[in-house]
Structure formats: C-alpha cells, structure tokens
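Reader: I'd like to go through this model with you piece by piece before I set anything up. Could you take my questions as they come?

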Amino acid sequence: MSSTNNADRGADDSTATAGTVERAFRAALYADSDTALDTGASLLAADPAADAELVRRGEEFMASAWRRGWQPADVVRIVGRELDDVHVRLAAGLIHTQSRNDRPRGRRWTAQLAELAQLHGSPDTVATEPRPDRFAHATAVLELYRLLLRLPALEPLDEPRRDSGAGQGSGRGIESRMLTRIRGLLAKAEATDFPAEAEALSERAQQLMARHSVDEALIADRDGTRAADAPGACRIGVEPPYEQAKAVLLDAVAAANHCRAVWNEPFGFSTVVGFESDLEAVELLHTSLLVQAQTAMTKAEAAQRAGGRKRTKTFRQSFLAAYAHRVGVRLREAAATPVSEDLLPVLASREVAVTDRLDRMFPKTSTTRLRGVSDEAGWTEGARAADRAQVRSRRPLR
C-alpha cells in the first residue's frame, strides 16, 4: 500500500511540475509583453521542482529547430545577435544536453558541437556555475524559448554522400591531417602580433593548401566514384561589422573554388554550395583572407591615425570593400587557368550539379549593391592590401 501511495504521489508531482511549465508557457511564450514574461517567470521561479521539465521542453524546442533546417552554430549565432551572453550559454547547454539523445548528424555537426564546448563549456560545467536568482534565470530561459519557437524554416543541409570504400577512407584520413596542419598555421597567424610572422605562417598555409587541393573531380572520375559523390552545402558566419564586404569576399572565394554562395543578411550567414573538398578550401581560404585583411587594415588604420585622421568607420568599410573587390578580381584571374581537354567535361558536369543544387535550395535570390563605400584612402589601402594577400587556393589543373 505504501509503495502504491508513493507511485501515485510521484505521478501527481510530475503532473504538477508539467502543469507549472505549461502555465508559464501559455503566459509568456505567445505574447511579446514584459508583463506576460514576468508572469511566466514568476510561476517557474516559485516551483523548483519544474526545473527538469523546463530543460526537457527546451530540448524539444532544439530538436524542432533541427527539423526546420537549423544547425547548432546557426542557433548560437542568431541567439547572440538577438539576445545576450546569458542566453547564448543557455542555448549552448541545451544543444549539448539534447545531442546526447540525438542521432548522428555528420562531421560538420560534430565539429560545431566541439566548438561550442570549447567556447562555452560542457553541459556539466555550465550546470555547476553559479546562477542568478531564480526569477532572472527563468526570465532568460523564457526569452530564449520565445526565440527558438519563432525560428523560421531554413534550407536543409545534407551531409555529402561519399564512397565508403577503403581507398576513399584512407584518402580522407590523409586529407584530415593536412587540414589540421593548415588550420593550426592559420590559428598561429591570427594569434601573432608580428605582421612578418603572420605573413610567413599564411604563406606556409597556402603552400600546404595548394598541395592538398589535388583536383578531386579527376580522382573521382578515374576511380569511377563520381556518381557516388554529390554537391553538399555548409553555412559560414558573416558577422558584423562590415558584413556586406565580408559577404562579397566570401562570394569571390566560393566562385574561385567551384562553389556558389548565397548571403542571408538577417541571420548573419552565407550558404555555400559545392563539392566537399571545394567547401573545405572555401572555409580555409576565406578564414585566411579575413585574417590577412584584419591585420592589414589595423596597420593601415594606425598609419592614418598617426597622420591625424579620426574617421575610422568609413575608412574600414571602404578598406574591406576594396579588399573584397580586388581579391575577387585576382581569384577570377587565377580560376581562368587553362585546363586539359580531358578535365573539361568532368568540371562542366560538376558545375552543372552545383548549379542544380543551388537552384533547388534557393529558387529565388536577389542581388544587392555594396553600401557605404565613400572613403578614397580606405579604398586605396584596401586594394593595395589585396594585391599583397596570398590567394593561391589550389594548384593549376593539368
């Protein structure tokens, strides 16, 4: 009889906590007013037993975001743009907690989870950190859930199909080691305070990238695995400030590496469509060029200030716009390298596949004009920096 009573009491407690969360959600999630938010937060703050149910419902919101095409990095990016650091940490914790019960989702997804853990700590670490008062915590959770609930559907990104044979797997292992070395060099280039060292590290990274970027199209064609390979897509953050110029730079890098990019300004990312090895080249080269641009802009801006100049915002905007434009020209020239006749049909087939994937993902796109370019000195210095930048992303195809 006692065990039966305990079971009944446990069921009643579970129902009560679920009821608290439901009442809080009805009060706060579907209305925009601060009064509604305060009402929901008060209900949650007064019932500590509802905490576990609140987390469980948050995991459901995250899983719903994945079904609508969002990925971990996308969610954290939009939370950071719309809310505050406390909401970012809450989102990162929910993502990791939800991932424990989630299905495997591919290499890029796993890398995003690892980066979140590095930046924001593991769920266990976050759980042991001191919290603000219960009301403030409940308010932040409800604000986060409001945002998650209203996220629109995005274009789904599927992991690219690849041949699973031994030869392919071995090749990917070599590729991964090379990419790790390249990323290490670029990280050191970002960290150093010495421009000459940064340039040397960037040059070495570009040399490894050229060696790494053996044309996969030709390999796939020779091995008969071309039909098993298909274009994929990834999202690359395009963060403010001066995000329009950064999006132009990414578009130029994508085009030079047989990819296509579509910028989503409201959500702060570009979607890049292409074959996997080309997507990796775009990610690495874009990162490298941003590092070089930032270093060059800092030096040029310091020289301008030494000359008595004070208006830095227009200088930076014009600098990055010119840098993106000039690098785009250089990349297009490099991409125009003649190729042998046996490669032309292979490359043409892959270009058609990329265009078809892009059209299916984005049946409607529009162009935009680059705004805010009004500083002659910034434009001149940006163009000069682009001419000095290392842009060799791949060796000529033969």
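Author: Gladly, and since this is a predicted model, everything I say describes the prediction. A good place to begin is strand 1, where 5 of the 6 residues are buried, so the strand is largely enclosed by the rest of the structure.

Reader: Which strand does strand 1 pair with, and in what direction do they run?

Author: Strand 1 is joined to strand 3 by 6 bridges, and the two run antiparallel. One of the bridge pairs consists of alanine 233 in strand 1 and valine 273 in strand 3.

Reader: And what is the strand order in the sheet?

Author: The sheet is open, has 3 strands in the order 1-3-2, and is paired in antiparallel fashion. Strand 1 (232-237) and strand 2 are the edge strands, each with a single partner, so one side of each has no neighbour in the sheet. On average, and ignoring direction, neighbouring strands are turned by 25° against each other.

Reader: How many bridges hold strand 2 to strand 3, and which residues does strand 3 cover?

Author: There are 5 bridges between strand 2 and strand 3, the latter covering residues 269-274, and these strands also run antiparallel. Arginine 260 stands opposite valine 273, and asparagine 264 has phenylalanine 269 as its bridge partner. Strand 2 and strand 3 make a hairpin with 4 residues between them, and in the turn glycine 268 has a positive phi of about 70°.

Reader: Backbone geometry matters for my setup, so which residues other than glycine have a positive phi, for instance in the loop between helix 12 and strand 2?

Author: In that loop, which holds histidine 258, the phi of histidine 258 is near 65°. Histidine 258 counts as partly exposed because its relative accessibility is 35%. Another case is tyrosine 242, with a positive phi of about 60°, which sits in the loop between strand 1 and helix 12. Tyrosine 242 is buried, with a relative accessible area of 13%.

Reader: Why single those out?

Author: Because most residues other than glycine have a negative phi, and most peptide bonds are trans.

Reader: Then where is the cis peptide bond?

Author: The bond from proline 240 to proline 241 is cis, with omega near 5°. Proline 241 lies in the loop between strand 1 and helix 12, the loop that also holds tyrosine 242.

Reader: Back to the other loop: is asparagine 257 buried or exposed?

Author: Asparagine 257 has 0% relative accessibility, so it counts as buried. Its place is between helix 12 (243-256) and strand 2 (260-264), and a polar atom of its side chain lies 2.9 Å from the backbone oxygen of valine 253.

Reader: Switching topic, how many disulfides does the structure hold?

Author: The structure holds 0 disulfides. The closest cysteine sulfur to that of cysteine 234 belongs to cysteine 259, and at 7.7 Å it is too far for a bond. Cysteine 234 is buried, with a relative accessible area of 1%, and cysteine 259 counts as buried at 3% relative accessibility.

Reader: Now the helices. What span should helix 6 have, and what does the model give?

Author: At 1.5 Å a residue, the 14 residues of helix 6 (residues 107-120) should span 20 Å, and the end C-alpha atoms are 20 Å apart, which agrees. Its buried residues are Arg108, Trp109, Gln112, Leu113, Leu116 and His120. Viewed down the axis of helix 6, those buried residues fall within an arc of 145°, so they line one face of the helix. Thr110 and Gln118, on the other side of helix 6, are exposed.

Reader: How does helix 5 do on the span test?

Author: The 15 residues of helix 5 (residues 85-99) should span 21 Å, and the end C-alpha atoms are 21 Å apart, in agreement. Among its buried residues are His87, Val88, Leu90 and Gln98.

Reader: Last one: which residue, far along the chain, is paired with glutamate 333 in your distance list?

Author: That is alanine 256, 77 residues away along the chain, with the two C-alpha atoms separated by 8.9 Å. Glutamate 333 lies in helix 14 (residues 313-335) and counts as exposed at 52% relative accessibility. Histidine 286, in helix 13 (residues 276-306), counts as buried at 4%, and its C-alpha atom is 9.5 Å from that of isoleucine 236, 50 residues apart along the chain.

Key: Residues are numbered from 1 along each chain as its sequence is written. This is a predicted model: local features need pLDDT of at least 70, side-chain atom pairs count only at pLDDT 80 or more; totals for chains, interfaces and linings use all residues. Side-chain values use heavy atoms; hydrogens and water are left out. The expected span of a helix is 1.5 Å times one less than its number of residues. Buried means under 20% relative accessible area, exposed over 50%, partly exposed in between (1.4 Å probe, protein chains only). The arc is that of the directions from the helix axis to the C-beta atoms. A polar contact is a pair of N or O atoms within 3.5 Å; within protein, one must be able to donate a hydrogen and the other to accept it, and residues adjacent in sequence count only if both atoms are side-chain atoms. A disulfide is a pair of cysteine sulfur atoms within 2.5 Å. Two strands pair if DSSP finds at least two bridges between them. Axes are lines fitted to C-alpha atoms, for helices over the stretch in contact, and angles run from 0 to 180 degrees between N-to-C directions.
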